[in-house]
2 protein chains.
Amino acid sequence: MAAITEHISDSSTARPETLLALKERFGNRYQDGKSIRQQHGHTTTWITNQPPDAVIFPESTEEVVQIVNLCRESRTPIIPFGAGTSLEGHLNAPQGGVSLDFANMKRVIAVNAEDLDCEVEPGITRKELNSYLRDTGLFFPLDPGADATIGGMAGTRASGTMAVRYGTMRDLVLSATAVMADGSVIRTARRARKSSAGYDLTRLMIGSEGTLGIFTSLTLRLFGVPETILAAVCPFKTLEGACNTITAAMQMGLGLARIELLDELQISAVNNHSKLTLPETPTLFLECHGTQAAAEEQIDLFRELAESEGGGPFAWAKRQEDRNKLWQARHDVHWANLQLRPGAKVMATDVCVPMSRLAKCITETHADIQANGLIAPIVGHVGDGNFHVCVLTDIDNKEEISKVAAFSDRLTERALAMDGTCTGEHGIGTGKMKFMQQEHGPAVAIMYALKTALDPYNILNPGKMIALK
Amino acid sequence: MAAITEHISDSSTARPETLLALKERFGNRYQDGKSIRQQHGHTTTWITNQPPDAVIFPESTEEVVQIVNLCRESRTPIIPFGAGTSLEGHLNAPQGGVSLDFANMKRVIAVNAEDLDCEVEPGITRKELNSYLRDTGLFFPLDPGADATIGGMAGTRASGTMAVRYGTMRDLVLSATAVMADGSVIRTARRARKSSAGYDLTRLMIGSEGTLGIFTSLTLRLFGVPETILAAVCPFKTLEGACNTITAAMQMGLGLARIELLDELQISAVNNHSKLTLPETPTLFLECHGTQAAAEEQIDLFRELAESEGGGPFAWAKRQEDRNKLWQARHDVHWANLQLRPGAKVMATDVCVPMSRLAKCITETHADIQANGLIAPIVGHVGDGNFHVCVLTDIDNKEEISKVAAFSDRLTERALAMDGTCTGEHGIGTGKMKFMQQEHGPAVAIMYALKTALDPYNILNPGKMIALK
């Protein structure tokens, strides 16, 4: 037991007996070295590393049930872990406990091509899934940037660049298998496309950040690979022009697959990093999916709308090579941004507002960035009203961190004042817990009631989102 | 009090004091005449009429809060009532109590054209909403057939003919205001298109059939009226041919707005009732929305797919007049079916299965219909795998009712065995409660826990969906 107790964190509520039992049960799939614990207690933001007491690599639903049952007896926290790309401290272990790393649960259980769906284990990443699907003519469209796991994306209700056309994880998960805090294994829904039979447990679980249950499989909607994919870039004189164009396109039901906004500074960073020569003004990156004729018509209609709002010249990326270069540049904004201030790290945050408020929200945020001398490019999935601010920050400078945190808080307040949400796709974790009351008011009490009903001993990712008192 | 007590049903759990207090508070908006009570305890199926003790017509969220608080004290059941078009006994009052009729809450609170959304009170019907929106260039697409209220559609997670393109109520409700059993008023979400902030209370409430809270406003997604709407009819030699065509169209991402299947008997009934001359074989009714070019391309592509599966000849309805005639015929199937057996009533039921199982499920159901000598046309929203069977039944003949009920049970068992759901869009009510366990297994216990947590005194539509023991 000595070997176990010396690894238990100061703030841990885990019991040594439980950890010992888990170690005996899982052998070398139970790891409690300092380095692996720190890897699993990390965060990509400024939230302090809070390592779990141990990391376990389960390989089946039954093993997850065993872990939950052992941990429940001693009130030992359990934190599901995917690819470790979350941004708001979802994976930290503020009360210790065990991190469940799903790296050994990556199987594709079934692909039902006729039904346009598949069932996978939660540890598979979106890129791994799309590699697997390559010869089927089908694909899973959601793309949150990072190569996150499907389980992690379900846990945070992720979305990304293609959500404007294909929906978010809320829309694309048909059903889930989950181990609940009482050790029961539920399947949240049948595989039918829709149902009116009972409470929507699928949606309740999606976005619950591991606080209500642990996914062990997910059934996902798939789509046929489009016959034609066209991409284009369109610079605008003003942010309002770009936003008005998007609103008009949405009203026309153009069905664009991607509409990404990059502000001047973001374009400048992208030009430097990806050796592009885009005009340094607010710019939309677009993508259309469909038949050749339909995709071309969409692009043409969008160009007309853009031109009437001062947008242009319009540059097509017709060849796949050019298209890949464009989207690679979009995906590389993180690395591009790091070059804006060598040595600094990116503090990424996101909000989402109704479309009609987007231009004002971004404009006011720009003014805030300038007034405070921050280096902070903006990039957004603006067809949904969702944007990210990436603040280049010296994370060894506490004063600067406070300043950036205050900026992030003002951004959130601004979005909430516009009937927006404190996070469009990153989630609450610990980073945005303080805004739950402001955003949801009396609905937070309902969320507490749900959490208490399903996890009365508070063993599932405790201290996150809904921190029981 | 004598006047109150004589109206209390035998099985009522309502207290006379509560009813008296409500009568005093609401004056002539409290009604307890036999006729209005029976109207509100009715059902469009074979489930026996179970009238509430009284009907109240609230006019604001605050009034609903007052009713909930009064009823909670005495454990008096509350049943929200919209247009009374539900099919599974959702509106019956098996334990008495008060029916809340939302006929006086029909306001459109806001239309946010730029955001493609609106907020309405629950008592407005979908047709009333679309009349209101007529001059805005926007529309609300969901069409469950009946002119149901938005509140009722939200409560049962309704969908209908356009769900294959626009989604179901699950997808189109952005946010709801709800009065909960503890008297608190929550707003389930902000007006942003997406959010990762907290549990998805919107989706938890949608489809909860009034058992978790009472809607007092709903924020809905709207869509631009398409530039062009094209409709077509395509007969098939076989059911499999029709189903294969749909699968191929979905894989191509054709984005059809409606794909309705009518079987031979249904076409025959429609021909008689609506004076059409359609070939009496399995037939698809289609609709495409988009630009002229896009809609024409969709129809052309669909025709090619259909022809390769033995479908055709393809008949377009290019003029609005022809299109209206076609869809009116589709919507009039209920009346058409009644003519198949004068004096009988329609027992309507629905199931939903994965697309790949649809042909087999319908074929086996046909065989069952024939083997049992039933008159039962089939019509379905087959792009979702959802279909209805309308059994013409002599509802004064108990033996026949048992036979039809047994057929309906076999249909449900068949769908469940194919990983389908016992109801795609009608809901559970009391009619399909017995299948909850079979469909959901251990997940039913989770639903019980949620219901108990949010409505511990079981005052919200008790005895439905999740009947607490």
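Helices and strands are DSSP runs, numbered from the N terminus; a helix has at least four residues and a strand at least two. The model described here is predicted.

In these terms, Gly343(A) falls outside both classes. It sits in the loop that joins helix H14 (333-338) to strand S16 (345-352) of chain A. Gly343(A) has 9 C-beta neighbours inside 10 Å and therefore counts as exposed. The cut-off for an exposed residue is 12 or fewer. Asp394(A) lies 51 residues from Gly343(A) in sequence, yet the C-alpha atoms of the two are 7.2 Å apart.

Chain A is divided into four parts: domain 1 (2-103), domain 2 (106-224), domain 3 (228-334) and domain 4 (340-428). The C-alpha centres of domain 2 and domain 3 of chain A are separated by 29 Å. Their contact draws 5 residues from domain 2 of chain A and 8 residues from domain 3 of chain A. On the domain 2 side of this contact in chain A, 2 residues are nonpolar, 2 are polar and 1 is charged.

Strand S4 (residues 98-101) of chain A is covered on both faces. Val98(A) and Leu100(A) point to one side, Ser99(A) and Asp101(A) to the other, and all of these residues are buried. S4(A) has parallel partners. Strand S2 (residues 54-56) of chain A pairs with S4(A) over 3 bridges in the parallel sense. Within S4(A), Val98(A) stands opposite Ala54(A). Strand S3 (residues 78-81) of chain A also runs parallel to S4(A), joined by 4 bridges. Here Asp101(A), in S4(A), is the bridge partner of Phe81(A). Val98(A) and Asp101(A) are thus buried residues with bridge partners in Ala54(A) and Phe81(A).

A further sheet of chain A is open and has 5 strands, in the order S5-S6-S10-S8-S9, with antiparallel pairing. Strand S5 (108-112) and strand S9 (185-187) of chain A form its edges. Each has a single partner strand, so one side of each lacks a neighbour in the sheet. From one strand to the next, the twist averages 15 degrees. Strand S8 (residues 173-180) and strand S10 (residues 213-221) of chain A are joined by 7 bridges in the antiparallel sense. One of the residues involved is Ala178(A), whose bridge partner in S10(A) is Phe215(A). Helix H4 (residues 61-74) of chain A packs on this sheet and touches S8, S9 and S10 of chain A. The direction of H4(A) makes about 45 degrees with that of S8(A).

The contact between the chains takes 79 residues from chain A and 79 residues from chain B. Several elements of chain A each supply at least two residues of the side that touches chain B. Among them are helix H8 (169-172), S9, helix H10 (239-252), helix H12 (292-307) and helix H17 (436-440) of chain A. Helix H18 (443-454) of chain A belongs to this group too. H18(A) gives the largest share, 9 residues. By class, the side of chain A that touches chain B has 34 nonpolar, 28 polar and 17 charged residues. S9(A) thus stands at an edge of the open sheet and also contributes to the side facing chain B.

The two copies superpose by rotation. A turn of 180 degrees and a shift of 0.0 Å along the axis lay chain A on chain B with an RMSD of 0.0 Å. The copies are therefore related as by a two-fold rotation axis. Of the interface residues of chain A, 100% are also interface residues in chain B, so the copies meet through the same surface.

Definitions and conventions: Residues are numbered from 1 along each chain as its sequence is written. Chains are lettered from A and ligands numbered from 1 in the order in which they are written. This is a predicted model: local features need pLDDT of at least 70, side-chain atom pairs count only at pLDDT 80 or more; totals for chains, interfaces and linings use all residues. Domain bounds come from an automatic or database domain assignment. Two residues are in contact if their C-beta atoms, placed from the backbone, lie within 7 Å. Ala, Val, Leu, Ile, Met, Phe, Trp, Tyr, Cys and Pro count as nonpolar, Asp, Glu, Lys and Arg as charged, and the others, Gly among them, as polar. Two strands pair if DSSP finds at least two bridges between them. Axes are lines fitted to C-alpha atoms, for helices over the stretch in contact, and angles run from 0 to 180 degrees between N-to-C directions. Copies are superposed by least squares on the C-alpha atoms of residues with pLDDT of at least 70 in both. A residue is buried if 20 or more other C-beta atoms lie within 10 Å of its own, exposed if 12 or fewer, and partly exposed in between; C-beta atoms are placed from the backbone.
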